[in-house]
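Reader: I am new to this structure and should like to understand its side-chain contacts. May I put some questions on them?

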Amino acid sequence: MDSVEFSRYLTMLTLSVHVIFATVGVGVPLFIMLAHWLGLKNNDQHYLLMAKRWARGYVISVAVGVVTGTAIALQLALLWPRFMEFAGQLVALPLFMETFAFFFEAIFLGIYLYTWDRFKNPKHHFYLLIPVLLGGAMSALFITSVNAFMNTPQGFSLLNGELINIQPILAMFNPAMPTKVAHVLSSAYMTAAFLLASIAAFHLIRGNRHEYHRKALALTMKVGFLFCIATALIGDLSGKFLAEYQPEKLAAAEWHFETEGEAPILLFGVLTDNNEVKYAIKIPYALSFLVHSNLSGEVTGLNDIPRDEHPPYIIHYFFDIMVSIGIGLTLLSMIYLIGVNRNWSFIKLKLFRFFLVASGPLAMLAIQAGWWFTEMGRQPWIMRGFMTTAEGATDSDYVWLMFIVFAFVYFILMVGTAVVLTRMFKRNPMEKELEKLNGNGSDIG
């Protein structure tokens, strides 16, 4: 492999690791806030302890996210120096604002953690979560706007190969930004919901039937269902955006070669060397309806797009993984909520709870597939229409060495995080903490 390929794989590795902690960093504060609010509203120690324990775990993910986020910033300069030289003035503002938003979040998170029982009015302590939630969301907004800019660059003029009339604000609020930011936020809240639900279900499946875990599962599944619906609706808007601004990405995702109306959506299947689709499930008219809201709308095919601008056709599989898991999680949470409401006994069976435990890892897999889809779907461009990935990459001969070093660092970080989180919660079991809160342990079910 050459330096361009190593640069791409190293960036993919870094983003794949970082997105785990970034998703937790954006999504979990909402659940800390909801649990804390329910605890105060109902004077319920279970919810208050939930907020406290979730916040502890959240701090670990934030700390590791700082390391992986710093690695991304470093790699932008080391792996993509020509892109940063070309477009650095346009993306510097959101990159700086993202750092500011992160510090805003981290400062108030630290105050929140160390001021339990320090306020005469407990609501004042709860209010500290508002900047934590906003900081996480704003951090996602700014960094996603950079990615959106790479897909739909604007805010400048090009003269003799040089960028002039640079307008960073206009660049930040590019056409891809609204749908990308909305999709990132809703999917982060959805993923956080299923990650926390997965932990609660894990304790239930092991025989710990404490009311704490039942409440945690009910809360996260309700919110998870709402964000499944929101993510699906935003996904529909994303499809319409792709049809207008990045038809090559949509066509590659659907293996749609001929420009035509009444276009079907393809699910799964295999693409042969002759671009023949086999074993796929076709839903007639669905693609036309998705992008034009009518059954006969014309969808641009890959045959009408220059071959050297085609994204890799493998993104079809990533799109399928993302959508299939999203549909599965929506059905799972809907069945759970209906089952609780109608007292269906099977939702307490081990088999159903096994699916609940699997929902967290599956949600994270959907997030990963979504990012692989969006990043590989932008190829061959690093800045669509202006600079290819190969033109933006470094020509250093030592990127392979960087890949090995960073892969080793990420391995240590992932293993270390798992060990720290496991030990932290094992040494402070929820039952003992409730005993301390209640004085005599009478609230333990």
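Reader: Which aromatic cluster includes Phe149?

Author: The model discussed here is predicted. Rings of Phe, Tyr and Trp count as a pair if their centres lie within 6.5 Å. The cluster is formed by Phe149, Phe156 and Phe386.

Reader: How many aromatic pairs does the structure hold?

Author: The pairs include stacked and edge-to-face arrangements, such as Phe241 with Tyr245 and Trp255 with Tyr317. The number of aromatic pairs in the structure is 17.

Reader: Are the rings of Phe241 and Tyr245 stacked or edge-to-face?

Author: Phe241 and Tyr245 are 4 residues apart in helix 8, a separation of about one helical turn. Their ring centres lie 5.0 Å apart, with the planes at 25°. Planes under 30 degrees apart count as stacked, whereas those over 60 count as edge-to-face. The pair is therefore stacked.

Reader: What is the angle between the planes of Trp255 and Tyr317?

Author: Trp255 lies in the loop between helix 9 and strand 3, and Tyr317 lies in helix 11, 62 residues apart. Trp255 is buried at 4% relative accessible area, while Tyr317 is partly exposed at 33%. Their rings are 5.3 Å apart centre to centre and form an edge-to-face pair, the angle between the planes being 80°.

Reader: Which residue forms a salt bridge with Arg53?

Author: Side chains of opposite charge can pair when their charged atoms come close. The partner of Arg53, which is in helix 2, is 380 residues apart from it and belongs to helix 15. Both residues of the pair are buried. With the closest N and O atoms 2.7 Å apart, the partner is Glu433.

Reader: Is Glu248, which meets Arg384 in a salt bridge, buried or exposed?

Author: Arg384 lies in the loop between strand 7 and strand 8 and Glu248 in helix 9, so the pair ties together parts that are 136 residues apart in sequence. Arg384 is partly exposed, at 25% relative accessible area. The cut-off for a buried residue is under 20%. Since Glu248 has 5% relative accessibility, it counts as buried.

Reader: Where does helix 12 bend by about 35°?

Author: Helix 12 has 27 residues and should span 39 Å at 1.5 Å a residue; its end C-alpha atoms are 38 Å apart, which agrees. A proline, Pro361, follows the bend within four residues. The bend is at Ser359.

Reader: Which ring does Lys249 lie over?

Author: A charge sits over a ring only if it is within 6 Å of the ring centre. Lys249 is 5.9 Å from the centre of the ring in question, that of Phe373.

Definitions and conventions
Residues numbered from 1 in each chain as written. Predicted model: local features only at pLDDT ≥ 70, side-chain atom pairs only at ≥ 80, totals over all residues. Heavy atoms only, no water. Salt bridge = Lys/Arg side-chain N within 4 Å of Asp/Glu carboxyl O. Helix = DSSP H or I, 4+ residues; strand = E, 2+ residues; numbered from the N terminus. Buried < 20%, exposed > 50% of the residue type's maximum accessible area, 1.4 Å probe, protein only. Expected span 1.5 Å × (residues − 1). Bend = angle between axes of the 7 residues up to and from the residue. Phe/Tyr/Trp six-rings, centres within 6.5 Å; stacked < 30°, edge-to-face > 60°. Lys NZ or Arg CZ within 6 Å of the ring centre and 35° of its normal.
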